[in-house]
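Trainee: I should like to go through the reasoning behind the terms used for this fold. May we begin with the sheet?

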Amino acid sequence: MQFAEIRKTIDLPRMTRYSGDGNFHSDEEAAKKVGLSGAIVQGGQLAGYLSEMMIATFGKRYLESGEIAVSFIKTVKAGETVVTKGEVTETEAGRMHCDVWLENQQGEKVTVGKASVGA
């Protein structure tokens, strides 16, 4: 099965729309004050891109029966590009189980997880 690959180039305005102003997810100086080298994308924003891929791939079935759980293994910053990836790993008991992940522009996994949808 071919999963919809969604490519997102992250910028500070997109981060601010998701996370609001003046925090370490949207403001470079606020991030430096808490010891980061710069603003980092909020995890929920990254998980949202994977959910967007699942909706594009499975449509209404995912909206009605989908589940997703992810782990964030590498930070993403403004200026980086991420691409959604996924594959069905198992079908059992009326559900398709999938591995899902985001890769950065270097092909490194930055977010990994499991998703499932009613078959």
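**The sheet and its surroundings**

Mentor: In this predicted model, five strands form an open sheet in the order β1-β3-β4-β5-β2, with antiparallel pairing. The edge strands are β1 (7–9) and β2 (67–72). From one strand to the next, the twist averages 20°.

Trainee: What makes β1 and β2 edge strands?

Mentor: Each of β1 and β2 pairs on one side only.

Trainee: How do you know that β4 and β5 pair?

Mentor: Pairing requires at least two bridges between two strands. Strand β4 (residues 95–104) and strand β5 (residues 109–118) are joined by nine bridges, in the antiparallel sense, so the criterion of at least two is met. Within this pairing, E103 stands opposite K109 in β5.

Trainee: Which helix packs on the sheet, and which strands does it touch?

Mentor: Helix α3 (residues 43–58) does so, touching β1, β2, β3 (81–92), β4 and β5. The direction of α3 makes about 130° with that of β4.

Trainee: Why is S116 called buried?

Mentor: The term applies under 20% relative accessible area. S116, which lies in strand β5, has 6% relative accessibility and therefore counts as buried.

Trainee: What makes the approach of the S116 side chain to the R95 side chain a polar contact?

Mentor: The cut-off for a pair of N or O atoms is 3.5 Å. The two side chains make their contact at 2.8 Å, which is within that limit. Leaving aside residues up to four places away in sequence, S116 touches Y62, S65, G66, E67, R95, M96 and H97.

Key
Residues are numbered from 1 along each chain as its sequence is written. This is a predicted model: local features need pLDDT of at least 70, side-chain atom pairs count only at pLDDT 80 or more; totals for chains, interfaces and linings use all residues. Side-chain values use heavy atoms; hydrogens and water are left out. Helices (H or I, at least four residues) and strands (E, at least two) are DSSP runs, numbered from the N terminus. Axes are lines fitted to C-alpha atoms, for helices over the stretch in contact, and angles run from 0 to 180 degrees between N-to-C directions. Contact means heavy atoms within 4.5 Å. Buried means under 20% relative accessible area, exposed over 50%, partly exposed in between (1.4 Å probe, protein chains only). A polar contact is a pair of N or O atoms within 3.5 Å; within protein, one must be able to donate a hydrogen and the other to accept it, and residues adjacent in sequence count only if both atoms are side-chain atoms.
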